[in-house]
Structure formats: structure tokens, C-alpha cells
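Hello,

Here is the structure I promised to pass on to you. Have a look at it first, and then read on for what turned up inside.

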Amino acid sequence: MAEPSNLGKSIPVIQPSDTSVTAEQERELRKLRNLFLGAPVGIGLVANRCLLDVNRRMCQMIGYTREELIGHNARVLYPTDQDYNYVGVEKYRQIDETGTGTVETRWQRKDGEIINILLSSTLLDSADHAAGVTFTALDITERQRAAVEREQLESQLRQARKMEAMGQLASGIAHDFNNVLTAILGSLEMVRSDLRGRLSADDVIYNHVRQAEDAGLRAAQLTRQLLAFGRKQHIKPDLINLDLLVGNMTQLLPSLIRADIRLDVTCADDIPPIRADAGQLEQVIINLVVNARDAMPQGGKLVVHVSRADISAAQVARYPEASPGPHAILTVSDPGTGIAPEALEHIFEPFFSTKLGDTGTGAGLGLATVHSIVKRCGGHIEVDTAPGQGSTFRVCLPACDNTATPTAE
């Protein structure tokens, strides 16, 4: 930031004659002067928006010396003309109405840093604006930052409570539904076995029974997703090499995509082992690949990549589930339709799906299940997306320092 230009002439300090000020008054003036200079908040005096005096705290806040400020236009305090003009208009509007003008604004320190200021101003003479204005300035930068962080934490807490309630509801429904499905699938299997000996595989009735059985199996898969989301599914956490697990799925993954999609699966070296349930991690990979496929109506390149990364303290602050240190990273990236900002904050909620309105497909449990599994592993998910620019999902799973031999299954 450039040094302040001398937009206002230096104002001489008027020294009253000895005959007009008594010794007692001089002592009181010195007290007031010491209070002014040593106050823990910034205090200053302006006339015609020219700085006449400032105290020590004011200089500490803004980074200038008193000599660099006194006699100069107050514009030097503001990062833009817009900030400067707003304070001038709003401050005097409030002063005319109530006698005091209080505004929140921004100042720019000499080193260029922007700080947030609560500025309160009062006329020296209520009958004469030209006589000048005294002001106090309080640095509220940290207060505002803390308020933003508190709001983010409260939002995350509300989301966690909502997800917990939905998980309890989902698991309760899934258990009852699973009991019904077990009976239905058992009956269908007996009917199909009975018909197999009497009807050909091409018979209409036999095909109807087989289709009903296939639909029941799909419903059973949906039930497993509900149970996984509700954390009621039986899991077997083990020490796993994520790169080996993904490598073992390279024969399965192509069957999940279309011919116009090219699958690119790569793994970096030195991937740390993680502790998780292999079956659930396979479900995470399948759900992410299927979502990417559905977001690529024009085809293209779908990337699945496994890498290693160290999670920083800044990332931990953004993701409450995260922990600092080495992680195995699963990245699934597509060049597809992307996700709109208004939908992004809901994608991990159960029963929310962008597919429901257009095609009628999708139960809205895929990403909710992914989020539930990853969170259970102590990891977190980062999403980089924009409409028309594709999506990248990064599943970050903390490394396990267990010395046991990891597996891929």
C-alpha cells in the first residue's frame, strides 16, 4: 500500500494562554490526554474527514505512526473508495438522527492486511459539523471470524443430527422390509424350481417368475444399502490395501459402464494400509462409478485413481470427520454434467437424488451410503464439481499403523 498522500493540511494545536487555564485545569487536561493515548480501543479526532489526532491503540491497529496519520485525509484508512464513501454517508446520516453514528467497515493496514472495524462517531459540537467528530474504533476481525466458524459448526451439527435420525428410520424400515423380502424370495425360488421341471426356460410364466425374483434381489440390494446407511449391517473391519482392492475390481467395473465410456484405473506407489470392511469399500467404489456413469450422457473418460496424501490441519478444520496425517485417497472423476450448487449441499442426504426427476431411477441412497461407510472408517469425502464441468469425488481414508499384513478382501 502506498504511503498516504497529504490530502489535508496539518492542523496546529491551539495552546491556550496561561491566564485562561488554571493549574487544576491543566492537570485535568493531562489526565484526559493520558486516558486518550492509553485507551485499549482506537480513538481519534477528525474534521472535514481529516485526521487531527489518534491514540496509540489506533496506530497499533492500522500499522502507521501518529506522524503518518495526523494531518492526512481519513481515506488512507480504507481499502476502497466505496468503503470510504459509505462510512461518510452512513455515519453522518445516523449522527443527524441520533447524535451518534455506528457502522461496521473495513480498514487496510499499512502492510496491506484488511481488518474489520466497528466505528462509532460523535460530534464535538452538535450544532456545528465543521467543529469535528470524535470516533472510537474496535477491531472485530477475530470476533467475526469466530462467528462464521461457529455458524459452520452449528450447521454441521444440525446435519449430523438429521443424518442420525434418518439412519434410525432407514434401518428400522429395512429390517421389517428385509423380513418380508426373505419370505417373497423364498417362495419365488420354490415356484421357479417347481416350474423348471415342467416348463422350458423360454416359457412366458417361467420368465415372469424369474423377473419377479430379479426384482426381489434388487430390492434386497436396496435393503442392504439402507442397513449400511443406518449402521446396522454386520461389518468385518480388516487391514486392507486399497490399491489391491481396486485392482481386484478391474474386471467388474467395466461391466457397470457403457461402451461410450472409457475407464482409466490407476494406482500410485506406497499406498498406506487402512482399516475397513472390504465389502463395504467395494460398495463405495461401485456407487461412485455408477453415479459417474449416469452423469456422463455423452460418454468420455471416467478416472478411478488411488493415491497417498497427508491431510493438513486446514482440511481437518473443514471436515469434522477428518484426522491429520497420512491417508489413502480414492479419487473418482468424470467430465459429465456436474452438480448444481443448490444440490451440492444435499447430495449425501438419504433419499435425495438428482436422477429422480428426469429418469425416475435412483433411490437416493448411493451417496448417503458412501458417506456413512466412509465416516465409519474415520474418513471424509471432498467434492469438486460445477454444472457442466464434471465432478471429482475424493474419498480420504486414514492410514492404519497396525503392523499386521493387510489384505484386499
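Let me start with the largest cavity, which is lined by Val46, Arg49, Leu51, Ala74, Leu77, Tyr78, Val87, Lys91, Trp107, Leu119, Ser121 and Phe135. Please keep in mind that this is a predicted model. Two elements, helix H4 (81-98) and strand S4 (114-123), each give two or more residues to that lining. By character, the lining residues divide into nine nonpolar, one polar and two charged. The volume of this cavity is about 100 Å³, and the count of cavities of 30 Å³ or more comes to one.

Now to the nonpolar cores. The largest has 40 residues, and Leu242, Leu288, Leu302 and Leu330 touch the most other members. Which elements give two or more residues to this core? They are helices H7 (242-248), H8 (278-294) and H11 (366-376), together with strands S8 (274-276), S9 (300-311), S10 (325-334) and S12 (391-398). The largest share comes from H8, with eight residues.

If you would like one residue to centre your view on, try Leu330. Leaving aside residues up to four places away in sequence, Leu330 touches Leu242, Val246, Val284, Ile285, Leu288, Val304, His305, Val306, Phe393, Arg394 and Val395.

Apart from the largest core lies another one, of 26 residues, including Leu69, Tyr84, Val103 and Phe135. You will have met Phe135 already, in the lining of the largest cavity. As a general point, nonpolar side chains in soluble globular proteins tend to be buried together.

Enjoy exploring it!

Best wishes

How values were computed:
Residues numbered from 1 in each chain as written. Predicted model: local features only at pLDDT ≥ 70, side-chain atom pairs only at ≥ 80, totals over all residues. Heavy atoms only, no water. Core = buried A, V, L, I, M, F, W, Y, C linked by side-chain atoms within 4.5 Å. Buried < 20%, exposed > 50% of the residue type's maximum accessible area, 1.4 Å probe, protein only. Helix = DSSP H or I, 4+ residues; strand = E, 2+ residues; numbered from the N terminus. Contact = heavy atoms within 4.5 Å. 1 Å grid on protein atoms, 1.4 Å probe; cavity = no way out; pocket = protein on both sides within 12 Å on 5 of 7 lines; lining within 4 Å. Points joined across faces, edges and corners; volume = space filled by probe spheres on them. Nonpolar A, V, L, I, M, F, W, Y, C, P; charged D, E, K, R; others polar.
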